[in-house]
Amino acid sequence: MPLLDDIMDNEVLGRERKRGIEIGKIEGRVEGAREVVIRQIGKRFGKLPDWAKQQIDALSGAELERVELRLLDASSIEDLFA
């Protein structure tokens, strides 16, 4: 007998799957923002030092947004993390 039920219709499994999808989307946005910040820093200041890459990798989404805005006025890479 074929299984015709959609897992998304299941009260528990569907809810957990949808939650997982949303978490994945958020993580994808943060990772994308991280990549953009790294490219922008490289374009503006040259090669990104290892210490700066490590700091960027440790930033949350909100912290990345602050660094993105600081990038507009920063005169050095160090200014981004002050």
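What is the mean pLDDT of the protein chain, and what percentage of its residues reach 70 or more? In this predicted model, the mean pLDDT of the protein chain is 86, and 88% of the residues reach 70 or more.

**View 1. The protein chain as a whole, a predicted model built from helices.** The protein chain contains 4 helices and 0 strands, and its elements follow one another along the sequence in the pattern α-α-α-α. Among these elements, the lowest mean pLDDT, 88, belongs to helix 1 (residues 11–45), whereas the highest, 94, belongs to helix 2 (residues 50–57). Of the 82 residues in the chain, 20% count as buried, and the accessible surface amounts to about 6,300 Å², with carbon and sulfur atoms accounting for 54% of that area. When contacts between residues at least 6 apart in sequence are considered, 55% of them join residues at least 24 apart.

**View 2. The largest nonpolar core and the helices that contribute to it.** This core comprises 13 residues, of which Val37, Ile41, Leu48, Ile56, Leu64, Val67 and Leu80 touch the most other members. Two or more residues each come from helix 1, helix 2, helix 3 (61–70) and helix 4 (77–80), and helix 1 gives the most, with 3 residues. In soluble globular proteins, nonpolar side chains tend to be buried together. Leu80, one of the core residues named above, is in contact with Ile41, Phe45, Val67, Arg70, Leu71 and Ala74 once its neighbours within four places in sequence are set aside.

**View 3. Leu64 of helix 3 and its surroundings.** Leu64 is counted as buried because its relative accessible area is 1%, which falls under the 20% limit. With residues up to four places away in sequence not counted, Leu64 touches Val30, Ala33, Arg34, Val37, Ile56 and Leu59. For one of these partners, Ala33, the C-alpha atom is separated from that of Leu64 by 7.2 Å, although the two residues are 31 apart along the chain.

**View 4. Arg34 of helix 1, with a side chain that reaches a backbone oxygen.** Although Arg34 carries a relative accessible area of 8%, this value is still under 20%, and the residue is therefore classed as buried. The side chain of Arg34 reaches the backbone oxygen of Ile56 at 3.0 Å. Beyond its neighbours within four places in sequence, Arg34 is in contact with Ile56, Asp57, Leu59 and Leu64; of these partners, Ile56 and Leu64 are also among the residues that touch the most other members of the largest nonpolar core.

**View 5. The aromatic pair of Trp51 and Phe81.** The structure holds 1 aromatic pair, in which the rings of Trp51 and Phe81 are arranged edge-to-face, with 5.8 Å from centre to centre and 70° between the planes. Distant parts of the chain are linked by this pair, since Trp51 lies in helix 2 while Phe81 lies in the segment after helix 4, 30 residues apart. Are these two residues buried, partly exposed or exposed? Trp51 has a relative accessibility of 35% and therefore counts as partly exposed, and Phe81, at 21%, likewise counts as partly exposed, because buried residues must have a relative accessible area under 20% and exposed residues one over 50%.

Terms used. Residues are numbered from 1 along each chain as its sequence is written. This is a predicted model: local features need pLDDT of at least 70, side-chain atom pairs count only at pLDDT 80 or more; totals for chains, interfaces and linings use all residues. Side-chain values use heavy atoms; hydrogens and water are left out. pLDDT is the predictor's confidence in each residue, from 0 to 100. Buried means under 20% relative accessible area, exposed over 50%, partly exposed in between (1.4 Å probe, protein chains only). A polar contact is a pair of N or O atoms within 3.5 Å; within protein, one must be able to donate a hydrogen and the other to accept it, and residues adjacent in sequence count only if both atoms are side-chain atoms. Contact means heavy atoms within 4.5 Å. Accessible areas come from the Shrake-Rupley method with a 1.4 Å probe; for residues, only the protein chains shown count as cover. A nonpolar core is a set of buried Ala, Val, Leu, Ile, Met, Phe, Trp, Tyr and Cys residues joined through side-chain atoms within 4.5 Å. Rings of Phe, Tyr and Trp (its six-membered ring) pair if their centres lie within 6.5 Å; planes under 30 degrees apart count as stacked, over 60 as edge-to-face and the rest as tilted.
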